[in-house]
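Got your viewer open and a selection box ready? Let's take a walk through this one, stop by stop.

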Amino acid sequence: METKITRRDLLNGIVIGAGGSFLQAYSGRAVGNPAGTAGFEPNAMPSYYPPTLTGMRGSHDGSYEVAHALAWQGQKPKTYETLDEHYDLVVVGAGMSGLAAAWYYLKEMAPETRILILDNHDDFGGHAKRNEFHYKDRMLLSLGGAQNLESPSSYSDAAGSLMIDIGIDEQAIAQMDANTPDNFVLGGKLNADVGLTVPEKDQHLTLGGHWLKFFHGRGDYQSAVGKLPIPDDQKETLIAFFGGDKDFLDDLSLTEKWDYVNSVSYNQFLFDRVGLSKETIPILNAHLVILNGPSGWNHTVLEAIMAGSPGLRAMGWLADFVDSIAALLLDDIAG
Ligand SMILES: Cc1cc2nc3c(=O)[nH]c(=O)nc-3n(C[C@H](O)[C@H](O)[C@H](O)COP(=O)(O)OP(=O)(O)OC[C@H]3O[C@@H](n4cnc5c(N)ncnc54)[C@H](O)[C@@H]3O)c2cc1C
């Protein structure tokens, strides 16, 4: 099949994995322990390293007490520290917006301009940060928030110039492309293998291959499914499901199918209709969890399919036809 989405299109469209290194440009003195939050000085702790503080942390202890006391009890902080310092700009919030505001201001002003960026959390970046997991001598890197720079080709001149200023330019993208192995989905190699990681008792089994294609019954999905650590009858069911050998909703009319996919959870569908066991279902949930957070118990069938989960080919001829049209447009799932 001819490639319909080219590397160039992709690079114009998405840049994945921008890091935080550009922030070194700002790195001045980090001021901890703001007035009234004695003891909140996370960066003074020897173990201070936010990327390993993973999980759904939200606003952690130390970040909200002063504001809550003021808003809910009208209590002002008991102690204040008067700083004999002058700043040309004070930015509240060191997320992307605050950091960008500081950058634009600095560009307009003299280099000696003094900017204070305040944040009430233990790390900069706001909703865009990095998570690190350390397991058996391996470091697994994951997004803690934002991951993709969506469609930078349509950015305004102002936003585009920021990308260039912080070093995300054509040269950086070409370098990222050159450094990315052909079988890694990174830096625009959407056509590369998308491996599958299956949770096992005390470790994870990672299986190579283009599982996005296999999910849609394309490529050598039978052999790939054959390598999964599941019973033979579950392998046969998965092969029929991926390949669209059967309509698992064949007792429903078209309107009833539409109601079903909009009201039943994806995992319930896999369990009741497809016949997958509760041990097999997590295999099909991994990418939903990575992409959206919740598992297939919290997605309707349609929501899961729209997120790329398998199933469209196994709901009758019309759905199979839609899947084929999608394959014509998206090289990712084409055979
Ligand atoms: C899981 C996830 C994935 C995402 N993926 C993408 C993606 O792939 N591509 C994309 O473009 N966008 C993505 N987003 C959205 C993107 O991350 C946000 O739109 C962006 O980070 C918002 O930046 P911001 O600076 O406007 O706000 P925030 O990042 O929320 O920054 C606000 C900052 O203000 C600080 N703050 C709050 N209250 C106070 C206070 N009282 N005093 C001082 N400081 C305070 C906070 O600590 C924070 O650092 C994602 C978001 C999440 C959560």
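Start with the charged pairs: the structure holds 6 salt bridges. Keep in mind that this is a predicted model, and that side chains of opposite charge can pair when their charged atoms come close.

**Stop 1: three salt bridges**

Select Lys107 and Asp165, whose side chains meet in a salt bridge at 2.7 Å, N to O. Lys107 lies in helix α3 (residues 96–108) and Asp165 in helix α4 (residues 157–165), so this pair ties together parts 58 residues apart in sequence. Turn on the surface and check the cover: Lys107 counts as partly exposed at 45% relative accessibility, and Asp165 counts as partly exposed too, at 33%.

Next, pick Arg130 and Glu132, another salt bridge, where the closest N and O atoms are 2.8 Å apart. Which of these residues is buried, and which is partly exposed? Arg130 is partly exposed because its relative accessibility is 40%. Glu132, at 5% relative accessibility, counts as buried because the cut-off is under 20%.

Now jump to Lys257 and Asp247, with side chains meeting in a salt bridge at 2.7 Å, N to O. Lys257 sits in helix α9 and Asp247 in the loop between α8 and α9, so the pair links parts that are 10 residues apart in sequence. Both Lys257 and Asp247 are buried.

**Stop 2: the nonpolar cores**

Hide the surface and select Leu228, Phe241, Phe269 and Leu284. These are the residues with the most contacts inside the largest nonpolar core, which has 37 residues. Colour by element of secondary structure to see what feeds it: those giving two or more residues include β7 (196–199), α8 (232–243), α10 (266–274) and α11 (281–292).

Zoom in on Phe269. What is it in contact with, leaving aside its neighbours within four places in sequence? The list is Phe241, Phe248, Leu249, Tyr260, Val264, Val274, Val301 and Met315. Then move over to a second, separate core of 6 residues, with Ala100, Trp103, Leu149 and Leu162 among them.

**Stop 3: a nonpolar patch outside**

Bring the surface back and select Leu254, Trp317, Leu318 and Val322. Together they form a nonpolar surface patch with about 450 Å² of accessible area. Helix α13 (residues 317–329) gives the most to the patch, with 3 residues. One residue to click on is Leu318, found in helix α13; at 34% relative accessibility, Leu318 counts as partly exposed.

**Stop 4: zoom out**

Show the whole chain as a cartoon: there are 13 helices and 8 strands. Of the 335 residues in the protein chain, 33% are buried. The accessible surface comes to about 20400 Å², and 57% of that belongs to carbon and sulfur atoms. If you like contact maps, restrict yours to pairs with a separation of 6 or more: residues 24 or more positions apart account for 60% of those contacts.

**Stop 5: colour by confidence**

Finally, switch the colouring to pLDDT. The chain averages 80, and 81% of the residues score at least 70. Among the elements, α10 has the highest mean pLDDT (97), while strand β1 (residues 14–16) has the lowest (36). Select residues 1–36 as well: over this stretch the pLDDT is below 50, yet it has 76 contacts in the model beyond near neighbours in sequence. Where pLDDT is low, the predicted coordinates should not be read in detail.

Notes:
Residues are numbered from 1 along each chain as its sequence is written. Side-chain values use heavy atoms; hydrogens and water are left out. A nonpolar core is a set of buried Ala, Val, Leu, Ile, Met, Phe, Trp, Tyr and Cys residues joined through side-chain atoms within 4.5 Å. Buried means under 20% relative accessible area, exposed over 50%, partly exposed in between (1.4 Å probe, protein chains only). Helices (H or I, at least four residues) and strands (E, at least two) are DSSP runs, numbered from the N terminus. Contact means heavy atoms within 4.5 Å. Patches are made of residues with over 30% relative accessible area and no salt bridge: like charges are joined within 9 Å, nonpolar side chains (Val, Leu, Ile, Met, Phe, Trp, Tyr) within 5 Å. Accessible areas come from the Shrake-Rupley method with a 1.4 Å probe; for residues, only the protein chains shown count as cover. A salt bridge is a side-chain nitrogen of Lys or Arg within 4 Å of a carboxyl oxygen of Asp or Glu. pLDDT is the predictor's confidence in each residue, from 0 to 100.
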